[in-house]
Amino acid sequence: MNINKELNLSKKIIYDITRFTTLDYKDNLSCIVWFISCNMRCQYCYNSNIVLSKEGNYEIKDLFTFLEKRVGLLDAVVLSGGEATMHNLEPICKKIKAMGFKIKLDTNGLNTKLIKTLIDEKYIDYIALDFKATKDKFEEITKTNQYNKFLDTLNFLIDKNFDFEVRTTLHEELLNENDINKIVDTLVSKGYKNSLYIQNFLNVENFANLKESKKVLNKDLLSNKLNIIWRN
Ligand code: SF4
């Protein structure tokens, strides 16, 4: 028996469930599942409580109890965190799909193997992939040296022509215009056709105690090779 396909309903790995949102997955009424743990420690991360939790507040079976009452009311389930791919998502996604929901995955892209499996099994409908930083700043910002794993996921999604978006969180003392342009160049060179979504740093408690940036990005210096959409 393949242990990866077993559903362990009593695993307490869910930090919280946002019951309803229209904002996270375009054109879909969704709930958001916030999984504990992460394999990064991004300087600006404001979800340190989720990332560092050893145990969540909800078991997997609580999610399904909730979803059973939402069949016909919600379109989709967003898997977020933390980093959802730290967990055995395959049987969870299989059951969510069997209930008739679409699935969006938010991911930092480090678990290429699981992402490939979820896509090959047709469990995932859409992905929001974080492009955290350029290669030279990746370790400084994320505290991991796994830029190449992220690239593997990016390459896979592009080659597969999978429906996904790339997003970058901006703190101007971490990433400048040149860095954003390098990110755009990387995406364009690989054949990425969607927009790059940039979300501004939120000035709340975070891993590196970052405050609001004193620098301001000059948008006039940004490349126009890709459509950039500002999220906040
Ligand atoms: S911002 Fe970074 S550390 Fe925080 S949950 Fe996302 S990937 Fe993990």
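Here are a few worked exercises on this predicted model.

**Exercise 1. Find out how much space the largest pocket holds and what lines it.**

Step 1: Start with the volume, which comes to about 1,100 Å³.

Step 2: Now go round the wall. The lining takes in 41 residues, and Asp24, Tyr46, Asp106, Arg167 and Gln199 are the ones nearest the pocket's centre.

Step 3: Sort the lining by class: 17 residues are nonpolar, 11 polar and 13 charged.

Step 4: Look at which elements contribute. At least two lining residues each come from β2 (30–35), α1 (48–52), β3 (76–81), β4 (102–107), β5 (126–130), β6 (164–170) and β7.

**Exercise 2. Work out which parts of the chain the Lys182 and Lys225 salt bridges link.**

Step 1: Take Lys182, whose partner is Asp136, with the closest N and O atoms 3.7 Å apart.

Step 2: Place both ends. Lys182 sits in helix α7 (residues 177–190) and Asp136 in helix α5 (residues 135–142), so this pair ties together parts 46 residues apart in sequence.

Step 3: Check the accessibility. Lys182 is partly exposed at 33%, while Asp136 reaches 52% and counts as exposed.

Step 4: Move on to Lys225, which pairs with Asp185 at 2.7 Å between the closest N and O atoms. Here the link runs from the loop between β7 and β8 (Lys225) to helix α7 (Asp185), and the two are 40 residues apart.

Step 5: Lys225 is exposed, with a relative accessible area of 53%, and Asp185 is partly exposed at 33%.

Step 6: Finish with the network: Asp24, Lys104, Asp106, Asp130, Lys132 and Arg167 are joined by salt bridges that share partners. The structure holds 13 salt bridges.

**Exercise 3. Track down the backbone oddities at Gly82, Asn161 and Asn209.**

Step 1: Check omega. The peptide bond from Gly81 to Gly82 is cis, with omega near 25 degrees; Gly82 belongs to the loop between β3 and α3 (89–98).

Step 2: Check phi. Asn161 has a positive value near 60 degrees despite not being glycine, and Asn209 likewise has a positive phi, near 55 degrees.

Step 3: Place them. Asn161 falls in the loop between α6 (147–160) and β6, Asn209 in the loop between β7 and β8.

Step 4: Decide whether each is buried or exposed. Exposed means over 50% relative accessible area, so Asn161 qualifies at 69%, and Asn209 does too at 55%.

**Exercise 4. Identify the residues of the nonpolar surface patch of about 270 Å².**

Step 1: The members are Tyr46, Leu202 and Val204.

Step 2: Zoom in on Leu202, found in the loop between β7 (196–200) and β8 (228–230). Leu202 is partly exposed, at 40% relative accessible area.

Key: Residues numbered from 1 in each chain as written. Predicted model: local features only at pLDDT ≥ 70, side-chain atom pairs only at ≥ 80, totals over all residues. Heavy atoms only, no water. Patch = residues over 30% accessible without salt bridge, like charges linked within 9 Å, V, L, I, M, F, W, Y side chains within 5 Å. Areas by Shrake-Rupley, 256 points an atom, 1.4 Å probe, with all protein chains shown as cover. Salt bridge = Lys/Arg side-chain N within 4 Å of Asp/Glu carboxyl O. Helix = DSSP H or I, 4+ residues; strand = E, 2+ residues; numbered from the N terminus. Buried < 20%, exposed > 50% of the residue type's maximum accessible area, 1.4 Å probe, protein only. 1 Å grid on protein atoms, 1.4 Å probe; cavity = no way out; pocket = protein on both sides within 12 Å on 5 of 7 lines; lining within 4 Å. Points joined across faces, edges and corners; volume = space filled by probe spheres on them. Nonpolar A, V, L, I, M, F, W, Y, C, P; charged D, E, K, R; others polar.
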